[in-house]
Amino acid sequence: MSTERAAFARVTAELHTLPELSVATAGLSRPLPLRLRRLPARGTPRGAVLLLHGGNSGSDTFLLPGGGLASALARAGLDTFLLDWRGSPWTMRRLLEGPLLAPTVAAECRAFTYDRVAEEDIPAALARIRALVGADLPLAVLGHCTSGGTLAMAVAGGHLAPFGVSRVVHVALATFYEVPWDGWVKVEDFILERLLAVAPSCRAIDPRAPGLWPAVMRDEADFWPGAWLTPGPGPTLELLRRLTFMVGRAWTPERLAPGLDDGLLLDVFGPFHLGLFLHSGQLVRRGFAAPFDQADRIDRPRLRAAALRGSGPPSPYLDPRPFRGVEITLVAAGANRVWHRDSIDLMYDWLLNDDPAARRGRVQKLVFPGYDLQELFWGRDAAREVYGPLTRALGG
Amino acid sequence: MNTQTAGAERHDVVVVGTGFGGAVAACRLAQHGLSPLVLERGRRYEAADFPGAPAPGGLLPDVARWAYSVDQGLWDPLDLGEIVSVQAAGYGGGSLVYANVHLRAPAEAMDAPWPRDYRGDALDPWHDLVARMLDPAPYAAAPELPKRRQLEGAFAALGRGTGRGTFRPPLAIRQADGPNPASGLPMRACTGCGACITGCPERAKNTLDWNYLALAERHGARVLTQHEVVRIARVADGDMRFRVDVLDHLAARPRQFLARDLFLCAGSVHSTRLLATAELGEDPAGVKARVGVGYSPGADSIGVVFDTTEPSHPEQGPTITTALVVPDPGESGAFSLIEDGGYAEAFDRVVGTFRAPLLLGRNRATSAAAPPRAGQPPRQQDALPSVPSPLDALLDALAPGRARAPGELSPDVFLPGQLADSFAPIREQLRQVILLPEVAGGTVARLLRDGYQRRLVSRLPGFSPDGPVGRAILRLLRWLVAWAFGDDEAISRVAFGELTRAGGLDRHALAARWLGYAATGARHRLVLLGMGRDAAPGQLRFTPGGAARADLDLYQLTPGYSAAEGTMSAIARHLGGELRTSPLWASLGKPITVHSQGGCPMSEDPALGVTDPDGRVHGIPGLRVLDGAVFPRSVGVNPSATIAAVAERNVARYLEGHAGIDRSLPGVAEYAAQRAESLGWASRHRDLSLRPPLAAARAAVGATPPDPPLGVEFSEVLEGYLSPADTVPAGVDACRAAEAAGRPAGALTLDLSRVAAVDLRVFLEDAHHRMVVEGEVTLALPGDRAARHPVKGHLELLVPRRKPGALFDAPQPPSRVAALAALGAREPGVTVAGAELDSAPRRLEYVLEIGDGRYLLRGTKRVADDPGPDAWRDTTELAVTLYERCPPPSAGGEAAEGAVVLVRAAGIAHADLRRFLERQLRGLRVTGGQGPDDPRIAWALARFAAFFFGTLERVYLPGPWGAVARALDPDPGGVRWAARGDDP
């Protein structure tokens with residue numbers, strides 16, 4: 001067993017897996033299973049933290065390398081909780097073993113949206129955490145990648161307020177959704193929307209199993225053979241190649257921490273529900289958070305003519321007032337090629353525009369130049385350069 | 001008056017913009033408890049937020065972060081037609097990307113038409129206050145900066161005492177770690193990385209968000225970024241007087257605010273635009289008719305010296321560290337500045353594009369003086385293989401029979417001989433350009449077989465991917481995706497690889513080869529920045545939709561640009577390098593300015609300007625302009641300090657007249673302290689060069705006589721026939737028919753050895769565009785045998801057919817004319833460019849006296865005399881009439897009293913194509929230049945060619961160009977752009 005695998009096994013052994021969370025969701029025939037794990041703080045806890053993983057991956061994201069961010073937080077005296085929410089491979093594997101939970105895939109998709117995650121999964125986890133740590137311990141939430149966006153929806157929707165969350169950290173994404181040019185081309189190509197028509201049985205997409213992809217996806221990926229990175233030796237590079245096609249390049253192999261290239265990352269990734277993919281596409285096309293399937297009357301908001309007409313229903317998530325009560329840290333990976341770092345910069349301007357007097361000192365932005373998205377946690381220098389500022393932002 | 005104000009937020013004071021005007025206003029208003037709403041269209045930038053250069057493997061930077069028009073990025077270049085004006089967009093405005101220079105205008109520049117309260121050094125107390133806030137000082141951290149040492153050496157070597165104008169301007173940067181002197185915020189010492197003009201990554205540049213704006217927010221200003229003001233209107237809603245329509249780019253929605261007092265500080269172009277498109281209702285002073293007058297681009301120019309003998313390290317030190325002021329010997333008060341221009345190392349490849357082979361050397365102002373010396377990097381080589389070119393076929397068609405070796409490409413036959421040598425390398429590069437379609441054509445076709453873009457196109461409403469438009473879009477998509485947006489990701493590499501595989505080239509090799517996008521010899525480059533006091537004010541005009549056009553008297557401005565270019569060339573020669581000027585300027589005659597000024601000029605007389613000396617818009621209570629737009633004339637130096645000083649003065653005037661200020665507020669005390677601390681700032685800093693040493697420079701240079709005027713001359717030979725008057729056919733068509741029927745061609749030969757415009761400026765300005773003609777004519781005069789006779793006279797080149805006196809009678813609103821006159825326009829409303837824009841048919845009129853003046857030959861070439869683009873025949877076919885004066889003039893040339901002029905003969909003459917190509921075109925030369933390297937030669941040739949061919953183009957192609965312009969018009973519902981003089 002490699003050193004890194006051994007470290008991973010050690011930290012996994014330290015985790016307390018809490019009784020399974022089960023979330024009942026309208027439109028589904030069964031409650032959805034979620035997993036909440038706890039890495040207790042070293043010493044007396046100074047606070048508690050909930051970590052929310054990104055799309056296509058699970059909460060193990062925060063355990064790599066060598067215990068990862070979660071271990072750093074626990075060492076800093078933070079009771080650290082890892083939620084595998086409904087988009088996690090952990091949940092999806094259980095789901096995909098059984099039949100559809102709704103009459104059609106399209107109907108099931110309506111239960112797999114970021115709105116539902118913000119309304120149901122995050123509050124369920126926070127309620128459990130509060131029950132465990134008590135009412136007084138400061139509580140912070142970190143959302144990474146798509147969960148950064150979901151976390152902003154949860155704040156805007158008032159779903160955090162009952163649990164006394166005092167700090168939130170948005171990594172790479174919050175209320176605004178900007179992508180590099182290739183991501184934009186892909187969502188404008190409506191590949192995912194076409195899947196509903198041409199592959200009606202496709203419920204999820206797994207970057208590790210391209211053989212199971214619908215033909216239309218395979219065709220797209222094969223369109224420019226080799227365009228999604230030169231194939232290299234080993235399954236990790238092949239995984240990265242598929243991810244790069246799906247969402248953009250999430251890391252640069254040479255910049256990963258040692259030991260992460262021997263297949264360990266394969267276990268972090270897995271299937272992601274089509275409904276969440278569809279919602280992501282809508283958000284990218286629109287540019288800011290809005291409920292699933294909200295009419296897209298302003299499809300590209302930065303086209304000034306459309307924006308000046310001002311048509312379209314206002315998004316309930318574009319209200320900055322609920323953000324006033326929490327300390328907010330926005331984290332940008334300078335070389336992020338999954339989400340454009342404008343996603344964070346726009347959020348920063350938007351928050352500061354809202355009553356700067358109330359904001360002053362409660363909003364901060366951290367930029368890590370040269371970092372790809374996943375390198376914020378897995379990068380060679382992440383433990384030295386990133387974990388410290390993140391820990392402080394979370395109350396450690 | 002529009003009263004649609006329901007639901008709008010109400011504010012006592014709204015400030016539009018956060019540059020050197022808006023930041024000052026926001027700060028002072030907030031300190032006095034007036035809680036202004038500050039609207040900024042750009043983003044907030046912290047040290048790590050500025051957009052970077054393209055990634056090492058990439059070609060273009062992240063356009064979303066660079067271009068305001070894409071995603072509210074940092075830069076907002078506007079094509080104003082005759083000029084490109086570049087603005088910054090962001091919280092802090094121009095301070096984010098300016099070169100930190102804080103200079104006061106020389107007293108000579110602060111004279112009329114500036115209002116009396118501003119003249120001379122009257123603005124100094126306010127300059128002192130700005131200096132108290134920004135703490136400028138010369139860059140002292142590295143006295144041995146190579147670029148500064150080399151440049152100052154070059155200044156000293158310029159001769160005629162020019163070097164006495166050298167000075168080191170004060171810079172608003174921090175040169176030691178510590179608190180900001182205005183806000184107390186922690187800042188760091190400048191590291192000299194050169195990134196000043198692309199955004200300081202070190203928190204060392206004292207941009208406005210560190211001082212004025214920080215204080216403004218501290219004292220209660222409410223700032224909304226990414227809120228772009230699109231229109232203002234007067235309203236009557238309680239005490240609210242203005243409605244401000246805003247686009248909130250973040251929430252993608254329109255918003256409205258109401259204001260009692262409104263400060264426009266959006267930058268010269270945009271403040272002027274907002275005022276020009278404002279719904280003002282009653283306008284008692286008639287300012288609307290004058291908005292836009294007095295616009296000045298500040299005579300900005302840029303040059304890059306490549307291959308300096310010694311390494312000059314443009315990446316070391318702040319962008320600007322030293323400067324030279326050069327007084328204009330020809331005009332009192334005018335001057336120009338030359339400054340160094342450093343940049344961050346990451347932009348090496350971008351700067352390399354100044355020497356893009358595709359520019360064909362058009363922007364080469366000097367050639368490198370000497371072969372490379374030891375230690376110098378190899379000069380850029382043209383390394384592509386030599387191949388036959390399709391241009392050969394073109395040449396054969398135009399000049400058949402010319403003996404050439406197969407495959408020889410000789411574009412120099414098209415060129416004036418004076419430029420032939422310098423065009424030799426261009427010839428090789430031209431071959432490569434011709435190659436490009438051959439390289440790419442096959443692969444484009446192959447790519448079109450693919451399905452991906454087809455699906456994209458199929459979703460465009462109304463387009464089939466198989467139709468011609470769809471195919472064109474597909475092709476465009478390929479190129480755009482791969483070329484423009486690709487960074488170092490594999491996708492673009494592969495896409496572009498597909499495109500160029502047949503050529504065996506990768507995109508970086510292509511970019512380096514065609515665009516000069518390479519860092520070769522980057523340490524041996526030196527950027528030179530020029531600016532100066534304009535010779536003439538221009539005008540900004542706007543469509544109702546807000547699209548802007550600048551009418552500049554480029555003819556008046558060009559000598560200034562040329563003079564700056566001449567100084568830069570001399571510097572380049574001293575440094576052993578090659579000067580390349582702005583490609584836009586060299587190729588399209590379009591200058592670029594980052595120092596737009598004017599448009600809402602201050603005037604004491606409400607009839608002669610837009611704003612009063614306090615920045616209030618004449619006749620519109622509550623509306624003020626507080627930025628560079630109010631300058632009645634450009635200041636010549638980097639204008640930011642003057643903009644801030646004028647804003648300090650005028651916001652203080654506003655506050656003096658404001659009744660509702662609580663004088664016990666801490667901000668009021670803070671302001672008073674800053675005012676007190678600013679007293680005598682200049683006298684405490686006598687060691688600084690607060691103004692360019694213009695007087696010293698002028699004294700040293702002395703009263704140098706101006707250079708002789710530049711002229712243009714060529715020769716021309718026309719051959720044809722002449723028939724006696726009694727057989728004169730009526731009309732040109734009859735002449736042609738007679739000639740075709742066998743009239744004796746060759747019986748008339750006009751050998752005009754010199755057709756000259758002695759002073760090109762006069763020629764272009766002259767309504768008759770008159771040239772001197774000398775030569776010989778071979779013909780048989782009545783009663784005589786065929787013989788050669790000397791001729792002299794003049795040619796009127798491409799004059800309209802209507803009466804010349806009526807040419808410039810385009811109507812102008814009287815107030816605009818008066819305002820322009822007050823601002824210093826030499827002939828208000830009378831500009832050459834306006835006449836050239838006319839598409840009316842033209843003539844070339846020859847009036848030649850033969851011998852002693854008894855006989856007069858009058859010839860006319862009619863341009864666009866009939867439908868169809870027959871430019872060759874029109875410009876080379878001369879309809880000739882021979883007149884005789886009866887009685888003949890005296891020996892002294894005096895016409896006898898009562899003399900009549902009789903028609904004696906008429907005919908037609910033509911130019912020979914081959915002779916035209918080989919002799920007339922090659923013989924076109926510039927006179928009056930200072931040696932073969934005088935950069936003005938290229939300017940004069942380009943200007944003459946632009947006049948000649950530009951006029952022909954407008955005459956022959958008005959329809960197609962009009963159609964293209966309509967298709968491209970972003971504001972099709974708006975008013976069409978009329979010829980100059982028609983008020984839109």
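**Close-up views of a predicted two-chain model**

**View 1. Ala669(B) sits in helix H18 of chain B, which spans residues 666-678.** The model is predicted. Ala669(B) has a relative accessibility of 47%, so the residue counts as partly exposed, since that class lies between the 20% limit for buried and the 50% limit for exposed. Val617(B) is 52 residues away from Ala669(B) along the chain, and the C-alpha atoms of the two are 30 Å apart.

**View 2. Helices H4 and H17 of chain B pack against each other.** H4(B) covers residues 124-134 and H17(B) covers residues 640-656. Two packed helices are described by the angle between their axes and the distance between the axes. Here the angle is about 110° and the axes are 8 Å apart. H4(B) and H17(B) are therefore roughly perpendicular, because angles from 65 to 115 degrees fall in that class. On the H4(B) side the contact is formed by Trp126(B), His127(B), Leu129(B), Val130(B) and Met133(B). H17(B) contributes Ala641(B), Thr642(B), Ala644(B), Ala645(B), Glu648(B), Arg649(B) and Ala652(B). By type, the residues of this contact comprise eight nonpolar, two polar and two charged.

**View 3. Helix H6 of chain A, residues 146-156, is mostly covered.** Eleven of its eleven residues are buried. They run from Thr146(A), Ser147(A), Gly148(A), Gly149(A) and Thr150(A) through Leu151(A), Ala152(A) and Met153(A) to Ala154(A), Val155(A) and Ala156(A). The buried residues of H6(A) pack against three strands of chain A, namely E4 (47-52), E6 (139-144) and E7 (165-171). They also pack against helix H5 (114-133) and helix H11 (274-286) of chain A. Just after H6(A) comes Gly158(A), with a positive phi of about 75°.

**View 4. Thr236(A) lies in helix H10 of chain A, residues 235-247.** Its relative accessibility is 7%, so Thr236(A) counts as buried, the limit being under 20%. Beyond neighbours within four places in sequence, Thr236(A) has contacts with Trp251(A) and Leu260(A). Asp261(A), Asp262(A), Gly263(A) and Leu265(A) are also in contact with Thr236(A).

**View 5. Chain A as a whole contains 17 helices and eleven strands.** Its C-alpha atoms occupy a box of roughly 55 × 55 × 45 Å along the principal axes. The radius of gyration of chain A is 20 Å, in agreement with the value near 21 Å for a compact globule of 396 residues. Of the 396 residues in chain A, 66% are buried. Among the contacts in chain A between residues at least 6 apart in sequence, 77% join residues at least 24 apart.

**View 6. Chain B contains 28 helices and 30 strands and has a mean pLDDT of 78.** In chain B, 72% of the residues reach a pLDDT of 70 or more. Residues 481-495 of chain B have pLDDT below 50, and the model gives this stretch 53 contacts beyond near neighbours in sequence. Residues 959-984 of chain B also stay under 50, with 37 contacts beyond four places in sequence. Where pLDDT is low, the predicted coordinates should not be read in detail. Buried residues account for 56% of the 984 residues in chain B. Of the contacts in chain B with a separation of 6 or more, 73% are between residues 24 or more positions apart. For the complex, the predictor gives an ipTM of 0.92 and a pTM of 0.77.

Conventions. Residues numbered from 1 in each chain as written. Chains lettered and ligands numbered in written order. Predicted model: local features only at pLDDT ≥ 70, side-chain atom pairs only at ≥ 80, totals over all residues. Heavy atoms only, no water. Helix = DSSP H or I, 4+ residues; strand = E, 2+ residues; numbered from the N terminus. Buried < 20%, exposed > 50% of the residue type's maximum accessible area, 1.4 Å probe, protein only. Contact = heavy atoms within 4.5 Å. pLDDT = per-residue confidence, 0-100. Axes fitted to C-alpha atoms, helices over the stretch in contact; angles between N-to-C directions. Parallel < 35°, antiparallel > 145°, perpendicular 65-115°, else oblique. Nonpolar A, V, L, I, M, F, W, Y, C, P; charged D, E, K, R; others polar. Rg over C-alpha atoms; globule rule 2.2 N^0.38 Å.
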